[in-house]
Amino acid sequence: MGPPFLALLDSEPAEDSVLRALSRVTSLIVRSSQAVPDYLNRYVLVDDTSLDRDQIIATLDDGAEKAIVPLTLAKKLVAQVPDSLRNAVCGVLVKMLAVDIDLIQSISTFVGSTIYVLPTDNPSTSLIAKLAAIGASLVIPLHQLTTNATSQTQINIGDAFLSPLISDRSDGLFPTVVTSYPEGGKALGLVYSSRESVKESIVSGKGVYQSRKHGMWRKGETSGATQDVIQICTDCDSDSLEFRVVQHGAGFCHLNRPSCFGDVGGLSALERTLRARLADAPEGSYTSRLFKDPAQTNFAAQESKEEIVFEASDLIYFALTRCVAAGAGLRDIEQSLNRKALKITRRSGNAKSQWVSGVDNPPQVAPQNTVVSDSPVAGADRSICMRTVDLATTVPEERKRLLKRPVLRSDEMISKVKPIVDDVRERGDAALLRLTAKFDKVQLDAPVLLPPFYPPPLSAAGKHQMDHAVKDAIDTAYANVRKFHAAQIDGKALVVETTPGVTCSRFARPIARVGLYVPGGTAVLPSTALMLGVPAQVAGCEQIVIATPPRLDGSISPEVLYVAHLVGAHAILRAGGAQAVAALAYGTQTCPKVDKIFGPGNQWVTAAKMLVQNDTEALVSIDMPAGPSEVLVIADDDSHPAFVAADLLSQAEHGVDSQVVLVGAALSDAKLAAVEAEVDKQARALSRVDIVRESISRSLIIKTQSVQEALQFSNEYAPEHLILHLRDASTLVNRVKNAGSVFVGPYTPESCGDYASGTNHTLPTNGYARQFSGVNTQSFQKHITSQEITKEGLERLGPVVAILADCEGLQAHANAVRIRLGV
């Protein structure tokens, strides 16, 4: 598991004690021109403005562990370079004003790399924990890290390292494996660590642990068998540690052995033996001669497995003899091998001088760079623009590709969420609390909140935590959404007499128990709570359960609490992700089981919804499949370029995988250029410009010859949001066959539908608008049919039924009619 945070070298000088403490728990991000001490692990930060791959290679060859690239270059790098360099690029740096966890997950999925987040706000231990839970790392400028106590302006390095760790023991200690460095991770013993002991080890560089009986245990304080701590690592579950140490003295074990698990063997034992023989090997002995003269071996003459193994053993023996004679050892060899493993450029086969001459030598080959040279890729200065395609010149196969969305690897994600879902199904609340602590880094006393939800608790300053303007806005949105959804209620039964004496009817009933998933945590999404809660309330659902991830202090945002109050929610489940979906589907000791689950979410939520709906034990349905946000804008020469650009960008900022399409209906080149100029201008003013740059670069402009052709393409694409910037747009709505929601005319931005106009913003994506409706009041209802037949009606209809039943060979069916007719 990677470090929970990385330090960023800034211009301010750092104390050696801070740098050494950092070297034990994380790596330092530097630019290629910045020099740092050799004991630090370095990641090189590629410049934002260009991608000089030769420079990356040189930096990696010089000993940097990995390279980090900006988001704008990530996909370009992956597409253009060979595996040797691609594997050395460890992740993507994203700069954000405010950290959005769902957005970061979306970026990680899109680029397929670790995400390193550099916020403009002051970093915090809680934010480190949140990011670590999704596999991302916080980047902290060096001047904000300290070996002193955490303050408002600086974080203690130990506090930062320990922030994602959660002990599963009642005493709060962490099981700790102590391994010998560099001898292949040989286990020396199992101990326990406390937060205090870990922090002391980080600063002192010595092995310090926590005895369950005697308190703080500074290894070797009395025996002299001290340890130098090289690195401290966490395990994949963030509940245990590994200390990689150089052991001094008699060894780790209290029995004066190197390891509690018995004596060491292999190369470590050989090295110890050779060190002893260096002092007392008899003059003239084989080992004595090897210490003084280089040894040579002949592998080429050996063929059998046994002979080759024998020669290999001899070779290692000879090599270690020379190392010991020169005062070197395994640690030096491993460091050299690590440096070789980090190199990208490989030496040619004739690099050794002893192989240059001689008739049997192969011809010399000039070293070749592993990367094909190319012009630098533009970064922040690159124009933010879309790709243009003329529909009139596209072949059918290319048109199909234009209609495709990114492939959703549902099988892969379902296999990942299944263990989480199974855990909640089997262990209920206990699993929910554990998973919330693991993924959300929040320790809860109970997972479910019950009414009343509003007013929320007062803040420390004695004020309500929700701004009055926000409350008024929610009230207005609630009124509009309720008015529109109340008009959709199917309250009157349909009654039809199909044959004299045969009356058929259909009537609606609310789904009794519904679960509403509202993404949350760092985000505040009262709009989603409204869009799901209002139709559930209007439909008359007996039980409404809202599931939303808790904030870092375990609370729910006051805005969502207020909406829960307005819609009459019966419970709030403080959980997110697959575990929340599982709790809604199966129920727990405190969370009610529901009959249908609604709401958007990340890929984990989507996969969990797909999994539980196919489990007959759960007996639950879901609203619809989900994918990245989409917008398709149709514009003609009457359109306003600034309005069109703003609508495109309102979806592009959702995430790097957002689907954004502009269809130009006989749009002139001048008007199209004006739209593109507005996209570039407006995008650069957005806080999420890096996200927008990536999504817009993959977005499409489709040129068509007419409005009719534009609408035809839109109907094939079936967008989530369709915006009509067209002359007489309202007269063209009847030509729309496939869309989640339509926004008509220049003064109807999509964001109004997202928040407050009255329509619902939970809509089908990924082309599912061909088969699915957006969430509406009838989504929360089911329809039941009934029939009532008089004796006279059965006399007319019965013979028809009996004949058809006989035709199918179902005698009992026919008999049910004949016995009533006395036939």
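Start at Asp680: in this predicted model, Asp680 is buried, because its relative accessible area is 17% and the cut-off for buried is under 20%. Now add Arg684. The two side chains form a salt bridge, with the closest N and O atoms 3.1 Å apart. Both residues sit in helix α22 (residues 669-684), 4 residues apart, about one turn of the helix. Arg684 counts as partly exposed, at 38% relative accessibility.

Next, select Lys418, Asp422, Arg425, Glu426 and Glu617 together. Salt bridges with shared partners join these residues into one network. The structure's salt-bridge count comes to 27.

Move to helix α13 (residues 396-403). Pick Lys400 and Glu397, which are 3 residues apart there, so about one helical turn separates them. An α-helix has 3.6 residues a turn, so residues three or four places apart point the same way. The side chains of Lys400 and Glu397 meet in a salt bridge, 3.7 Å from N to O. Glu397 is partly exposed, with a relative accessible area of 47%.

For a long-range pair, select Arg574 and Asp445. Their closest N and O atoms are 3.4 Å apart, in a salt bridge. This pair links distant parts of the chain, 129 residues apart. Arg574 is in strand β22 (residues 571-574), while Asp445 is in the loop between α15 (429-440) and β17 (448-449). Which partner is buried, and which exposed? Arg574 is buried, with a relative accessible area of 9%. Asp445 counts as exposed, at 71% relative accessibility.

Now show two helices, α16 (residues 468-486) and α18 (residues 558-567). Their axes come within 11 Å and cross at roughly 35°. The crossing is right-handed. To see the contact, display Val470, Lys471, Ile474, Asp475 and Tyr478 of α16. Then add Glu559, Tyr562, Val563, Leu566 and Val567 of α18.

Go to helix α1 (residues 16-23). Val18, Leu19, Ala21, Leu22 and Ser23 are buried here. What do the buried residues of α1 pack against? Their partners are β1 (5-8), β8 (145-146), α7 (157-162), α8 (195-204) and β14 (227-234).

Then select Leu320, in helix α11 (residues 305-325). Leu320 counts as buried, at 2% relative accessibility. Add Leu274 and check the C-alpha atoms: the two residues are 46 apart in sequence and 7.9 Å apart in space.

Finish on the surface. Val177, Leu190 and Phe261 make a nonpolar patch of about 300 Å². Val177 belongs to strand β10 (residues 174-180) and counts as partly exposed, at 35% relative accessibility.

How values were computed:
Residues are numbered from 1 along each chain as its sequence is written. This is a predicted model: local features need pLDDT of at least 70, side-chain atom pairs count only at pLDDT 80 or more; totals for chains, interfaces and linings use all residues. Side-chain values use heavy atoms; hydrogens and water are left out. Patches are made of residues with over 30% relative accessible area and no salt bridge: like charges are joined within 9 Å, nonpolar side chains (Val, Leu, Ile, Met, Phe, Trp, Tyr) within 5 Å. Accessible areas come from the Shrake-Rupley method with a 1.4 Å probe; for residues, only the protein chains shown count as cover. A salt bridge is a side-chain nitrogen of Lys or Arg within 4 Å of a carboxyl oxygen of Asp or Glu. Buried means under 20% relative accessible area, exposed over 50%, partly exposed in between (1.4 Å probe, protein chains only). Axes are lines fitted to C-alpha atoms, for helices over the stretch in contact, and angles run from 0 to 180 degrees between N-to-C directions. A crossing is left-handed if the near helix is turned anticlockwise from the far one by less than a right angle, and right-handed if clockwise. Contact means heavy atoms within 4.5 Å.
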